[in-house]
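I opened the file today to go through the two chains and keep short notes. The entries follow the order in which I looked things up.

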Amino acid sequence: MLRRGAPMPIKSYLAYPVSGRLDELAAALRRLPGCEVIPAVNRDLLVLVTDSPDEAAEAALGLELAEVPALQALALVAGLGDAAIDPAPPISSARHSSGGRS
Amino acid sequence: MTRRDLLKSMAAAAAVSAAEAAFPGIVFPAQDKAAPAGGGPPAPALPNDPNLAWKKTPCRFCGVGCGLLVGISNGRAVAVKGDPASPVNRGLACVKGYHSVMALYGKDRLTRAMVRKDGKLVPVPMKEALDLVASKMAETIKSHGKDAVAMYGSGQWTIPDGYVASKFMKGAIGTNNLEGNARLCMASAVTGFMTSFGLDEPMGCYEDIDHADVFVLWGNNMAEMHPVLFSRLLERRLKNPDVKIIDLATRWTRTSMAADRSILFKPQTDLAIANAICHEIIRNDWVHAGFVRDHVSFHEGKTNIGYGLEDKFTFKDEPKTVGFERYRELLGDYTVEKVEALSGVPARELRYLASLYGDPKKKVMSLWCMGFNQHTRGTWINNLVYNIHLLVGKIATPGNSPFSLTGQPSACGTVREVGTLTQRLPHGDVTEEKARKLAAEIWGVPVERIAPKPTYHTVEMFRAVDRGDIRFLWIQVTNPMVTMPKLRRYRDGLKKDDRFIVVSDVYPTPTTDVADVILPAACWIEREGMFGNSERRTQHWDRLLPPPGEAMSDTWQIIEVARRMGFEKLFPWPEATHIPEIWKEYTRFQAGPEHEMAPYDELRRRPGVIWPFVNGKETKWRYNGQYDPAAKGAFDFYGKPDRRAWIWFRPYEAPPEVPDAQYPFWLNTGRVLEHWHTGSLTRRIPVLHQAVPAAYVELHPTDAQRLGIANGQRVRLTSRRGALVLPAQIDGRARPPEGQVFVPFFDEALLINELTLDAFCPISGQPDYKKCAVKVERA
């Protein structure tokens, strides 16, 4: 199994605006702490990257995101912590059981 | 750059990749101002950091050959961005590229040599392991002959790796038992080029994308397999709305979603479809008569050529030159109506395809990769797509380009150009006296030492190990105990008591599991090297990091063993300068306007150089006198004795195993965006592993419903060779047609190649991983 980092202060999402309100959504998200926004050029969708100092701040940010009127839906893509840059061998527990030579 | 900055850029790249997967064609602005706007993930945000040094390298993964800049800080690779100076990717990278450096730091990196003692692998000093490899190799030659030892490398070998392997096996030992895993991925492309043009590798380059009006993708899921290059197609269409992308495939994929038209055909019938297009081109008088008259000749070869299912299978074609009328007559069986019945593609779609190729106002690029090459008639289908382009004269000019893509970063540069295949030398074939003489002269060995006959291509090589004709096998940079078809036979063969298996790799794999000796290898930027990509571009990188522990480059491992076996004079180079000296020696083979390589200093300076590199200039379009200094006249297909490109009549022939009452489904296998080949690197990158943690079987929803299988439920697949249980995926990232299932091969815990068939193209020796018959049941 993949070893997950803990805490996981950096996350990325796909953010879907309420129809016709992409610009409003981008502006609102940019005002929130630790949020970076990359809007798509040719589709009503943006990438949101959040960077929270700790789990409490992340939870608070989550509540603020829920209150953004132009936001229709958020889809979490990645959640990264320090472990993500120092990878464990995720496949080691799932090695093929054919066995070696004897 | 801080650790958090890197994590943020990785998170952003993952999200952009996810968006691209969900909405092919979606475009995000480039984050790096030096990169152009366009498709693909944004380059990471890059704060100033005085300790960060950016160094150029080609990407470690696919054959596109993206230029990357790797950020090195305090002796560690901490960041990656696309190289804006690279003409390949223009500052972009895919999700694998952005995370590539993390593959260096898995906690189970092999850092010490291991030797099997009393059945168990135990660590030993590298010197002791190299001594053992050399002594075992010498002992095997003494007791069983030079053809009892073999080496098996890959398209992930650097050019110097492959060169010293060729010199060692063919020039020093004197055996042609040298193969590369590229035999499994592009051998049919090579034989396609050789039979149609007499010379390997594409005539065009990626710049064709900037000129083409139509892209026809033949069995090629570019959106996942060549994502950065695919983003260039999407960018071209975004700026030119009349541009069309046609996806011609056996399974609906992300590429189909992004295409203007998706056309599904029954497996193997691409042969008939290509002939139908040619038939329609001739019927409508769309043939470019002048081009055909001046630059093309017509040929036919043997038919009913077999499938290589039996050991020691041999095949030799008997080409016969014919005229245009004979060719037209042979195409008579391929009317669009007849081919509709065979392929399932409506006649109107076949006419539409032909009209795209036939329209003199449209520039057409055809692209393909494993769908064509992993095919029991792989050489033929490569020939057939060239036939189409040749009939209408759409070849070797900007935007008119039949383009064979490769899967690995140096399948072209190493396996094809250096020639790490049984039949090849760095210039020419072993069967050619002139080629042997040139090799003997450059290598400083007696010409008699270079064996004039090829021995075994990959499948036959592993069969020879199983039979005992080969007793010693050294495997570098590849994982055949995941990738060989009909895997059980070949794994059992390698595990036999009197076989000696050496494996050089970066991480433990199912192949190191069967090794007698494991040599820890330096990975990618831990050593200096060069790769050659799909567009004839050679790219150099410096050693940017020290390898961990006693890990050593594959090049230097071979040199160490060769010296121990008494071949010091053939490998005299000091360690500090061995790469430039190898390059200097190797490029003597390629001297001349047909294949001149760039000097070492030029390679170091530039983000890759396309060969032939003549008088300081790249040759972007071969065979075209306007661009190619080797060409005489407007077009000159100088690879063939008649200086013409060859159109071959190649018929449709059925595959060796088709679904029946007992095994009613087609099994197709392949790759996914997030994982590189067998996953030994990418599955150690948590972000990529999390995205696709395990293999699965794709089913059509109608089949799933009929069999009572829900998404995620366990499914048993059974072929005549083995069985495997894995979770169902229904309408995930792709959808096979009814009666077909698809399984990715990256997962070493779920070895789909236990089920596949070891049938191969008789001309290329490349196996077909795309078609065999299976039974599907709820487990």
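**Confidence, chain A.** I checked pLDDT before anything else, since this is a predicted model. The average over chain A is 76, and 70% of the residues score at least 70. I then went through the elements of chain A: strand E4 (residues 71–80) has the lowest mean pLDDT, 77, and helix H1 (residues 22–31) has the highest, 93. I noted residues 1–6 of chain A as a stretch with pLDDT below 50; beyond near neighbours in sequence, this stretch has 14 contacts in the model. Residues 83–88 of chain A also have pLDDT below 50, and that stretch has 26 contacts in the model beyond near neighbours in sequence. Where pLDDT is low, the predicted coordinates should not be read in detail. I therefore do not read those contacts in detail.

**Layout, chain A.** I looked up the elements and found 2 helices and 4 strands in chain A. Along the sequence of chain A they follow the pattern β-α-β-β-α-β. Chain A has 102 residues, and 49% of them are buried. I also looked up the contacts of chain A with a separation of 6 or more: 70% of them are between residues 24 or more positions apart. The accessible surface of chain A is about 5000 Å², and carbon and sulfur atoms account for 52% of it.

**Seven-strand sheet, chain B.** I moved to chain B and traced an open sheet of 7 strands in the order E5-E4-E17-E16-E15-E6-E7, with mixed pairing. I marked strand E5 (120–124) and strand E7 (178–180) of chain B as the edge strands, each pairing on one side only. From one strand to the next the twist averages 20°. I followed one edge inward: strand E6 (residues 149–153) of chain B runs parallel to E7(B), joined by 3 bridges. One bridge I wrote down has Gly153(B) partnered with Gly180(B) in E7(B). Helix H4 (residues 159–173) of chain B packs on this sheet and touches E6, E7 and strand E15 (472–476) of chain B. The direction of H4(B) makes about 160° with that of E6(B).

**Strand E13, chain B.** How many residues of strand E13 (residues 364–368) of chain B are buried? I found 5 of its 5 residues buried. Val364(B), Ser366(B) and Trp368(B) point one way from E13(B), while Met365(B) and Leu367(B) point the other way. I then looked up the partners of E13(B). Strand E8 (residues 214–218) of chain B pairs with E13(B) in the parallel sense over 5 bridges, and in that pairing I noted Val216(B) opposite Ser366(B). Strand E14 (residues 401–404) of chain B also pairs with E13(B) in the parallel sense, over 4 bridges; there Leu367(B) stands opposite Phe403(B) in E14(B).

**Cysteines.** How many disulfides does the structure hold over all chains? The count is 0. I checked Cys205(B), which is in no disulfide; its nearest cysteine sulfur is that of Cys412(B), 13 Å away. Cys205(B) counts as buried because its relative accessibility is 1%, against a cut-off of under 20%. I then checked Cys412(B): its closest cysteine sulfur is in Cys185(B) at 8.9 Å, which is too far for a bond, as a disulfide needs the two sulfur atoms within 2.5 Å. Cys412(B) also counts as buried, at 1% relative accessibility.

**Helix H16, chain B.** Cys412(B) is one of the buried residues of H16(B), so I looked up the whole helix. Helix H16 (residues 411–419) of chain B is mostly covered, with 9 of its 9 residues buried. The buried residues include Arg416(B) and Glu417(B). What do the buried residues of H16(B) pack against? I listed H4, helix H5 (187–197), strand E18 (529–532) and helix H23 (578–589) of chain B.

**Three-strand sheet, chain B.** I followed E18(B) further, into an open sheet of 3 strands in the order E18-E19-E20, with antiparallel pairing. Its edge strands are E18 and strand E20 (609–610) of chain B, each pairing on one side only. E18(B) pairs with strand E19 (residues 537–541) of chain B in the antiparallel sense over 4 bridges. The bridge partner of Met530(B) in E19(B) is His540(B).

Methods
Residues are numbered from 1 along each chain as its sequence is written. Chains are lettered from A and ligands numbered from 1 in the order in which they are written. This is a predicted model: local features need pLDDT of at least 70, side-chain atom pairs count only at pLDDT 80 or more; totals for chains, interfaces and linings use all residues. Side-chain values use heavy atoms; hydrogens and water are left out. Buried means under 20% relative accessible area, exposed over 50%, partly exposed in between (1.4 Å probe, protein chains only). Contact means heavy atoms within 4.5 Å. Accessible areas come from the Shrake-Rupley method with a 1.4 Å probe; for residues, only the protein chains shown count as cover. Two strands pair if DSSP finds at least two bridges between them. Axes are lines fitted to C-alpha atoms, for helices over the stretch in contact, and angles run from 0 to 180 degrees between N-to-C directions. pLDDT is the predictor's confidence in each residue, from 0 to 100.
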